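Reader: I've just opened this one and I'd like to talk it through. Can I ask you how the labels are justified?

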2 protein chains.
Amino acid sequence: MQQSIQLSVDAVVFGYESGVISVLLIKRKYDPFKGKWAIPGGFVLNNESLEEAVARELREETGIEINYLEQLYTFGEPKRDPRSRVVSVAYFGLIKPSAFKIFASTDAEEVQWFNIETLPELSFDHSEILRIAIARLQAKITYEPIGFELLDVKFPFSDLEKLYTTLLGRPIDRRNFRKKILSLNVLDELDEKFSKGSGRPANLFKFNNKRYFKLKEEGIIFDI
Amino acid sequence: MQQSIQLSVDAVVFGYESGVISVLLIKRKYDPFKGKWAIPGGFVLNNESLEEAVARELREETGIEINYLEQLYTFGEPKRDPRSRVVSVAYFGLIKPSAFKIFASTDAEEVQWFNIETLPELSFDHSEILRIAIARLQAKITYEPIGFELLDVKFPFSDLEKLYTTLLGRPIDRRNFRKKILSLNVLDELDEKFSKGSGRPANLFKFNNKRYFKLKEEGIIFDI
DNA sequence: TATTTTAGCGTAAAATACACGCATAGTATG
DNA sequence: CATACTATGCGTGTATTTTACGCTAAAATA
């Protein structure tokens with residue numbers, strides 16, 4: 001018997017801006033689930049790798065170019081797509097929403113960032129995919145430094161702190177957090193001050209790419 | 001253009017016995033790579049889930065029944081199969097080799113346990129798959145208790161210790177290891193002694209299933 | 001009975017995590 | 001221009017965990 005399974009890829013892209021974690025969704029232009037929100041994605045072409053496929057679909061549907069997407073999980077329940085058997089390899093990425101202008105095209109009627117606290121109803125099993133992606137994101141910050149992809153190039157320390165409190169969903173001791181992060185030696189302190197309104201102006205920091213990515217590869221486990 | 005991609009599953013099954021970690025491989029009966037060793041696996045049927053497919057292939061080719069296989073990674077490079085485009089979802093499992101009698105059938109001409117230190121040349125990109133699986137196994141023991149699946153029901157503490165030294169590839173302090181593991185409260189000490197040759201006989205332990213699986217779900221991180 | 005072998009307990013030192021006080025450098029206000 | 005206010009950033013003591021390692025116990029073997 002001939003196998004008749006189709007293969008797709010999906011991209012869960014998270015963004016962070018001033019205390020809010022959001023995810024990029026598209027409104028589907030065609031059936032099934034026409035007019036409903038979904039994770040960007042689509043079918044893999046015969047001669048492209050999975051990574052090429054997911055980067056292409058993301059670019060086509062949302063306008064976002066992302067250079068690093070990590071494989072999340074492969075979803076293959078026989079009935080997950082009402083049309084036919086579709087197995088989907090989900091990917092996972094982080095960006096600064098401000099760094100890209102999003103625009104809908106091809107299969108997407110609309111593109112929008114959604115706060116992960118207030119998600120709309122989703123197509124297919126995309127709620128499940130998103131649930132797993134959010135769990136991965138939260139697990140990730142306990143074994144990898146995160147921030148480079150989500151923060152501006154230059155940022156005050158409090159931005160990083162806020163990112164972590166948001167991701168962890170609980171307050172952290174500012175003083176101990178600072179000590180721990182600085183001891184990792186992945187931040188370079190700049191000679192620039194930054195002030196937003198009242199309060200003592202903060203020094204700006206930037207990630208030291210080399211040490212940052214070295215640390216990520218080593219997979220440092222650090223409890224916050 | 002019609003998509004023409006085939007979907008397969010592969011199962012990397014690790015076993016442990018007296019200081020040796022091994023992996024289950026089959027010798028391929030048909031081309032491509034006829035007569036070469038490979039990870040067990042095969043094509044997904046139209047109406048079965050990925051988990052059902054991998055369990056079935058493993059049973060058919062090797063005789064092993066395994067109830068828990070964890071998804072490892074999906075491999076989708078266009079040229080990984082010389083015949084046509086085949087994307088494969090790889091799974092990962094642990095068993096006690098002694099608990100099953102292996103026998104080759106269907107696509108397998110032979111089945112055999114191989115010490116992971118002395119692997120033969122493998123078919124397709126299976127060396128790459130195995131490399132990733134071994135890395136996962138080694139990472140896993142630092143954040144999850146492992147042993148239940150790999151040891152006998154009743155075992156002396158030194159068996160667990162030996163398993164860990166083997167997996168970690170380095171010696172560990174026996175006294176501290178014992179304290180750490182016992183403090184997890186997943187072992188029940190039995191009133192049975194066990195002696196293999198000279199030396200003081202050891203008490204036997206067994207895993208307390210309930211607490212063991214509870215701990216696994218919580219995903220305890222413990223440095224050895 | 002002495003020796004060898006493996007099991008298993010305890011304790012001190014070092015490292016790390018945790019809690020929290022307070023000076024500092026700006027802005028806002030009367 | 002003094003005073004309050006706000007957020008940054010440094011330091012220090014204490015609890016907890018990790019690490020190192022000494023030593024006794026129980027059995028097989030010589």
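Reader: Which order do the three strands of the open sheet in chain B take, and what is the pairing?

Author: Keep in mind that this is a predicted model. The open sheet of chain B runs 8-10-9, and its pairing is antiparallel. Strand 8 and strand 9 (187–194) of chain B each have a single partner strand, so they stand at the edges, with one side of each left without a neighbour in the sheet.

Reader: How do you know that strand 9 and strand 10 of chain B pair?

Author: Two strands count as paired if there are at least two bridges between them. Strand 9 and strand 10 of chain B have five bridges, in the antiparallel sense, so the pair passes that cut-off. One place to look is Phe194(B), which stands opposite Ala202(B) in strand 10 of chain B.

Reader: And what makes strand 8 and strand 10 of chain A a pair?

Author: They are joined over two bridges, again in the antiparallel sense. The cut-off is at least two bridges, so they count as paired. In strand 10 of chain A, Leu204(A) is the bridge partner of Pro156(A). The open sheet of chain A has three strands in the order 8-10-9.

Reader: Why is the pair Phe155(B) and Phe207(B) called tilted?

Author: There are 26 aromatic pairs over all chains. In this one the ring centres are 5.2 Å apart and the planes stand at 40°. Centres within 6.5 Å make a pair, and planes that are neither under 30 degrees nor over 60 apart count as tilted, so this pair is tilted. The two residues are 52 residues apart in the chain, with Phe155(B) in strand 8 (residues 155–156) and Phe207(B) in strand 10 (residues 202–207) of chain B.

Reader: What relation do chain A and chain B have?

Author: A turn of 180° with a shift of 0.0 Å along the axis lays chain A on chain B, with an RMSD of 0.1 Å. That is the relation of a two-fold axis.

Reader: How do you know that the copies meet through the same surface?

Author: Look at the interface residues: 100% of those in chain A are also interface residues in chain B, so the copies do meet through the same surface.

Reader: On to the DNA. Which residues are closest to DNA strand D?

Author: The closest are Arg175(A), Arg178(A), Lys179(A), Arg200(A) and Arg175(B), out of 20 residues that surround the strand. Sugar and phosphate make up 47% of the atoms of DNA strand D that come within 4 Å of the protein. Helix 4 of chain A gives the largest share of the surface near this strand, with four residues. By class, that surface has three nonpolar, eight polar and nine charged residues.

Reader: What makes Arg200(A) a polar contact of DNA strand D?

Author: An N or O atom in the side chain of Arg200(A) is 2.7 Å from a base oxygen of DNA strand D. The cut-off for N or O atoms is 3.5 Å, so this counts as a polar contact. Arg174(A) has a polar side-chain atom 3.0 Å from a base nitrogen of DNA strand D, and for Arg200(B) the distance to a base nitrogen of that strand is 3.1 Å.

Reader: Which part of DNA strand C does Asn203(B) approach, and with what kind of atom?

Author: A backbone N or O atom of Asn203(B) lies 3.1 Å from a phosphate oxygen of DNA strand C. The side chain of Lys179(B) has an N or O atom 2.7 Å from a base oxygen of DNA strand C. Around DNA strand C the surface holds two nonpolar, eight polar and 10 charged residues.

Reader: What makes Asp173(A) a cap for helix 4 of chain A?

Author: A side-chain oxygen of Asp173(A) lies 3.0 Å from the backbone nitrogen of Arg175(A), at the N-terminal end of the helix. Just after helix 4 of chain A, Asn185(A) takes a positive phi of about 65°.

Reader: Last one: what is omega for the cis peptide bond between Asp31(A) and Pro32(A)?

Author: Omega is about -5° there. Pro32(A) sits in the loop between strand 2 (20–28) and strand 3 (37–38) of chain A. Phe33(A) lies in that loop too, and has a positive phi of about 65° although it is not a glycine.

Key:
Residues numbered from 1 in each chain as written. Chains lettered and ligands numbered in written order. Predicted model: local features only at pLDDT ≥ 70, side-chain atom pairs only at ≥ 80, totals over all residues. Heavy atoms only, no water. Near = heavy atom within 4 Å. Polar contact = N/O pair within 3.5 Å; in protein donor to acceptor, adjacent residues only side chain to side chain. Nonpolar A, V, L, I, M, F, W, Y, C, P; charged D, E, K, R; others polar. Least-squares fit on C-alpha atoms with pLDDT ≥ 70 in both. Contact = heavy atoms within 4.5 Å. Phe/Tyr/Trp six-rings, centres within 6.5 Å; stacked < 30°, edge-to-face > 60°.
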